[in-house]
Amino acid sequence: MILLFAGCTIEFKPEIMEDKELLVVSGLITDQAVSNRVVLSRSTPIGNQIISNALTGALVTVTDENGVVTTLTETSPGIYSTDSTTFRGRVGGHYALNIFAEGGNYETDFVEMKPVPQIGALYYEKVVITASTDSSRIDEGCRIYLDSYDPTGKCLFFRWGFVETWEYHIPYPVVNSKCWATERSDRILIKNTSVYNQARISKYPVIFITNRTTRLQIKYSILVNQYSITETEYNFWEKVQSVNENVGGLYDMTPMAIPGNIRCTSRPEETVLGYFSVSAVAEKRLFVEDQFLGLPHFYTYCVTDTLTGFLPEEGLNSSYWVVDDNGNEIPPWWVITTYRECGDCVTDAERIKPDYWDDF
Amino acid sequence: MRFLFFAGLILLSFSGHSQDSVRVYPVTWEYRNQSFGEFVREAEAVHDIRFFFVEEWFAGRLLGNYGDPVSVSLVLDNYLSGSGIYYLITPRGDIILTKGYMVRLPETRDAEESKFLPREVLTEIKGDEKIATSMFIDVGNPADRNKPGNATISGWVRMDNTGEPIAGVTVFNQQLSVGAVTNAYGFYSISMPRGSYSLQYSFIGMREKKLNVNLYGDGEIDMEMSSVLIPLKEAIISAQRNATMQRFEVGLEKISVVNLKLLPTSLGESDIIKSVLFVTGVKVVGEGSAGFNVRGGSADQNLILLYGAPLYNPNHFFGFFSAVNTDIIRDVTLYKGGIPARYGGRVSSVLDIVPKDGNRKEFAGNAGISPVTAHLMIEAPVIEDKCSFIVTGRSTYSNWIFRRIDNPWLNSSMAFFYDIAGRLSYDLSKNDKLEFSSYFSNDAFRLNSDTLYRYDNTILSLRWKHFFSNRFFAQLAANTSRYDYTISSDRVLQEGFKIAHNVRSSGFKADFNWYPAGRSEMNFGTELVYYSIRPGDYLPSNDSSMVNPFLIQKENALETALWFDQKIQVSSFLSVSAGLRFSSFFALGPADVMQYDPSRPRELSTITDTISFLQNRIIKSYAGPEFRVSMNFILADNSSFKINYNRTRQYLHLLTNTTAVSPTDTWKLSDYYLKPQIGDQIALGYYRMLYRNSIETSAEIYYKRISNMLDYKGGAKLVLNGNIETEIINVRGRAYGAELSVRSTEGRLRWSAGYTYSRILIRSVTEFNDELINSGKWFPASFDKPHDVSATLNYLFSRRFSFSASYTYSTGRPVTFPAGVYQTGGITVPYYSERNKYRIPDYSRLDLSMKISGNLKTNKIAHPHWTISVYNILGRANVYSVYFREENDQIKGYKLSIFAQAIPSVTYSFDF
């Protein structure tokens with residue numbers, strides 16, 4: 001059995017000739033007083049750089065069950081938004097999407113906005129990671145869990161999204177040494193409670209944070225959005241999940257196109273990708289400010305050279321950056337790096353402290 | 001009674017059948033207390049006589065006092081009495097001693113003339129050299145020699161050491177190039193014009209025997225054959241050389257366990273299903289995966305029979321190992337086409353695993369240890385020659401290893417399996433034989449997760465064979481087979497669940513074989529199988545679990561079949577086998593059947609009504625004839641041509657939308673919506689022996705059509721789905737191919753090579769656009785691997801040392817690559833369009849193994865063997881799968897190899 005692990009993985013460049021570009025719709029209508037967005041784009045053929053291939057100039061409308069039509073305006077290329085002052089989704093309301101783009105009519109059925117309960121608890125646990133190479137060293141990571149409960153039992157299918165923000169510091173006396181990085185979830189988090197005798201979620205693992213990133217260095221925060229989705233939408237995400245987790249193995253599901261809920265009425269054979277989602281939202285934020293064992297030094301690669309006597313102007317702040325300026329000393333010396341992110345944290349993040357950062 | 005018998009033995013060199021009476025040779029010397037050897041030398045010195053015998057038979061026993069005066073025959077009578085050794089004195093003065101070989105004496109002749117038994121030494125082949133047969137056996141009364149018409153020789157073929165009947169032994173008349181094959185009970189019957197012939201008895205893994213007969217009339221010859229114990233004894237495997245010529249079926253492959261054990265092993269386990277993969281026309285989706293594909297059939301289209309009962313999951317650990325331990329297997333027959341009418345229920349093939357009966361003469365056994373398992377086999381008589389048993393057991397000790405490896409991944413994993421098989425066979429009387437067999441297997445694994453997978457097979461089988469006469473017998477069998485699997489997880493206690501699935505079948509089969517005079521053969525019978533399936537129950541696994549039990553309604557059905565099959569020798573060069581099987585299937589209530597809007601694809605949203613069926617009410621029935629026809633043309637004494645057509649119907653299906661069969665796939669019966677799969681195959685074959693019958697070649701081509709195969713909608717959910725008809729897409733299959741094979745199975749060097757060209761294309765058949773796969777065009781199934789080459793080689797350096805190699809090459813299987821990617825809800829999703837448009841790289845692997853046996857002294861308590869194998873000795877990183885990952889805003893492809901290096905293993909075992 002040990003021998004099963006004698007395998008290996010090799011990267012390869014598939015020789016694929018595919019040039020199909022299909023319409024992709026990604027939309028979300030919520031009950032929040034925010035601008036709701038529907039993003040239209042085209043799929044990227046395989047082998048190409050994934051770029052946002054925005055579809056501009058489309059007519060996008062949302063209709064509710066009372067026949068009220070709301071037209072979305074294209075706020076930036078391919079992004080069509082509602083006006084947060086005039087449109088707000090209602091729990092219990094039904095919404096359908098209509099798109100007219102490139103000579104085609106696209107539509108969805110009415111989707112009900114289901115109520116969503118509050119997130120019961122959002123918490124973390126330290127996780128011991130034993131390095132496979134050295135079992136004596138103990139490293140710690142962090143796993144974030146949530147509990148939820150809908151006493152009304154109306155919300156059976158849950159979906160979550162999250163936004164991570166964390167503070168990190170560059171260990172050099174540079175101007176931009178303290179930053180806040182932000183990342184959105186890129187995974188599918190869903191749960192079906194219809195199989196249980198109550199709509200209760202216990203210790204759902206939201207994310208595992210390894211100690212290989214700067215997230216646990218200073219202070220970390222996560223904002224989790226909880227959505228109440230329909231069974232159809234749940235099935236869609238479940239299929240996407242199984243296709244995304246596909247490792248090409250023999251016990252993976254046969255890969256196939258996953259139909260969303262958008263169809264082309266003018267050309268029925270045309271495949272439309274993506275999903276138009278309608279849901280109420282509940283959110284909760286968690287801060288993690290703790291000591292984790294075994295955090296590595298993230299900047300060991302940074303120091304490229306130490307210069308004395310002369311700092312070349314050529315290439316300064318374009319091909320090398322100063323991380324420690326001792327130009328006033330005699331003799332003057334400078335520690336430089338060729339990695340921009342080591343001398344300026346704004347490369348990967350923002351310098352502005354989020355307004356919620358200290359209020360807890 | 002038309003039993004006729006042997007007569008005396010006459011020398012080959014005779015001119016005319018001189019009927020001299022045997023002379024009397026007086027013993028004139030002091031024979032008392034001589035060893036037998038001394039007695040023989042003295043007798044040969046005094047008289048013009050020669051003894052033929054094996055010295056070991058008489059080691060240590062001295063002659064006693066048999067009175068005075070005595071003759072040689074009187075001494076032999078006394079000395080040999082009770083020893084099981086017989087003698088014959090020929091008119092020329094050859095005295096031939098034989099052991100363990102009984103022939104009935106003719107009633108019409110006097111006893112003196114017929115104290116004869118053919119001598120083993122003269123009929124067997126030793127080493128590379130065939131000892132010329134110098135004796136003739138008379139069958140029938142010589143007085144009948146000028147009678148017109150054919151005469152028939154019939155009889156039984158058994159194992160010499162265990163007394164088990166041997167099925168599939170070829171009895172071949174070299175002069176006429178006609179032959180017969182023993183049936184499942186070891187009975188054969190061959191008829192030919194009166195005359196002098198040489199008969200050859202051969203079977204794969206057995207020492208070939210040869211007999212010369214003068215055929216005067218009908219008679220009976222029983223034969224005992226000995227198995228070739230490699231490498232303990234030097235011998236030859238004479239495969240079913242002539243059998244291929246004689247059999248009716250195109251596409252039949254017999255694998256003996258003796259041969260199987262010579263092949264290199266993967267991880268030290270000789271494996272029955274892995275050896276089937278070396279047969280031309282048999283493919284596997286991926287290395288180490290479960291299930292195999294025969295001539296373009298899907299994996300669930302193979303009927304795997306153990307003790308005549310279906311084995312629903314023939315694999316351990318995803319398919320890395322076969323679930324049946326080779327220790328209990330006597331032989332295995334694979335029908336790729338030309339499936340006899342007595343088999344049915346699956347479209348593509350039948351793999352019939354016949355276990356051993358157990359040693360009827362003495363206690364014996366085998367035990368061993370490989371890197372993966374430890375195993376033990378014991379066989380012994382309960383009542384000598386009447387009743388015996390065999391028990392085998394095998395278990396992994398991988399858990400024990402996992403716990404000792406300092407790796408959390410492995411520490412939290414577990415993989416365990418075992419299998420136990422046993423059989424008790426009892427001869428109630430000469431005409432009634434009873435067998436009870438049982439089999440259990442279990443697998444449990446958890447691979448670095450909290451989910452425990454567990455699956456079990458259970459088979460019980462009872463069989464009664466009754467012989468109405470030597471030419472008419474029946475076999476009544478009752479069996480039950482059950483396959484269970486459960487998946488459970490307690491990761492979150494409140495969400496602890498268990499999914500349970502099982503399939504149960506109980507069958508009764510009555511099978512009659514009748515050998516009327518001449519060369520015709522009839523088989524007829526009936527079969528009844530009751531199925532009960534639990535498609536999936538979702539249950540709480542602990543008291544604090546809040547899981548609501550969710551049960552999919554059970555399925556019940558009855559399958560019945562009637563068949564009749566007759567083989568007729570039309571002329572000396574043409575024989576025909578014509579069979580008809582009529583099968584019926586009744587899906588039974590209780591059940592609620594959904595009705596769908598017929599103008600729209602079946603979906604939960606198009607349900608219009610529900611029909612309820614009460615207990616045992618017929619929900620839906622299907623029935624149809626299955627024709628099985630074969631013709632065999634003997635073109636010359638070394639070549640033949642066969643043609644075959646057969647139809648097969650299948651009512652039980654495996655729901656799987658993964659590339660390979662997985663242990664968590666569920667079985668499903670045909671029902672209101674799911675039609676039976678129907679396969680039609682036509683095959684042609686040409687067979688030719690080369691170089692004095694030492695090389696066997698064959699070429700077969702086939703075309704096959706399969707209707708009502710199953711495919712699934714995108715992302716179909718097959719587990720815990722009560723409306724499975726909403727996920728199924730009906731597809732049609734079209735398979736064709738050619739299989740070429742050449743092999744030499746004689747001498748120290750044995751080899752075989754095969755090339756297969758085969759295609760399997762499928763096409764979705766539906767009136768709804770949304771359900772079409774690849775726009776309704778033909779496309780390759782995921783096990784379509786057009787080119788396939790396999791070769792094996794075995795060389796016996798000495799009785800203690802042998803070397804083998806095996807090589808496999810095949811085209812890479814088709815895969816679906818994503819056509820593009822898109823983002824929705826912040827998630828990058830690959831988009832798949834055309835199915836199976838691309839292929840993974842070709843597969844190629846060379847394995848080597850060496851077998852070394854310890855001391856060869858026959859009276860040693862245990863005979864040890866060491867087997868050293870290297871799997872994939874070239875270390876080629878064969879691609880197992882291909883997958884795609886998003887990295888730095890680009891989709892990158894990865895090739896995964898699971899055995900990327902040479903894997904050595906050592907197995908130790910010993911026979912006792």
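**Close-ups of chains A and B**

**View 1. A hairpin in chain B, with Tyr795(B) standing opposite Phe803(B) of strand 51.** Strand 50 (residues 787-798) and strand 51 (residues 801-810) of chain B run antiparallel and are joined by 10 bridges. The two strands make a hairpin, with two residues between them. A word on terms: strands (E, at least two residues) and helices (H or I, at least four) are DSSP runs, numbered from the N terminus, and two strands pair if DSSP finds at least two bridges between them. What you're looking at is a predicted model, where local features need pLDDT of at least 70 and side-chain atom pairs count only at pLDDT 80 or more, while totals for chains, interfaces and linings use all residues. Residues are numbered from 1 along each chain as its sequence is written, and chains are lettered from A and ligands numbered from 1 in the order in which they are written.

**View 2. Strand 51 of chain B meets strand 56 of chain B.** Here 10 bridges link strand 51 to strand 56 (residues 843-853), and the two run antiparallel. To find your way, look for Ser802(B), which stands opposite Lys851(B) of strand 56.

**View 3. Where chain B touches chain A.** On chain B, 64 residues are in contact with 64 residues of chain A (contact means that the C-beta atoms, placed from the backbone, lie within 7 Å). Elements giving two or more residues to chain B's side include helix 7 (398-404), strand 53 (818-824) and strand 54 (827-832). Strand 59 of chain B gives the most, with eight residues. Chain B's side divides into 33 nonpolar, 26 polar and five charged residues. Nonpolar here covers Ala, Val, Leu, Ile, Met, Phe, Trp, Tyr, Cys and Pro; charged covers Asp, Glu, Lys and Arg; the others, Gly among them, are polar.

**View 4. A sheet built from both chains.** Three strands line up as 1(A)-59(B)-58(B) in an open sheet with antiparallel pairing. Strand 1 (8-12) of chain A and strand 58 of chain B are the edge strands, each pairing on one side only. On average, neighbouring strands are turned by 35 degrees against each other, direction ignored (axes are lines fitted to C-alpha atoms, and angles run from 0 to 180 degrees between N-to-C directions). Seven bridges hold the antiparallel pair of strands 58 and 59 of chain B, and Phe884(B) stands opposite Gly893(B) of strand 59.

**View 5. Another pairing across the chains.** Strand 4 (residues 44-45) of chain A pairs with strand 53 of chain B in the antiparallel sense, over two bridges. Thr44(A) has Val821(B) as its bridge partner in strand 53.

Technical notes. Two residues are in contact if their C-beta atoms, placed from the backbone, lie within 7 Å.
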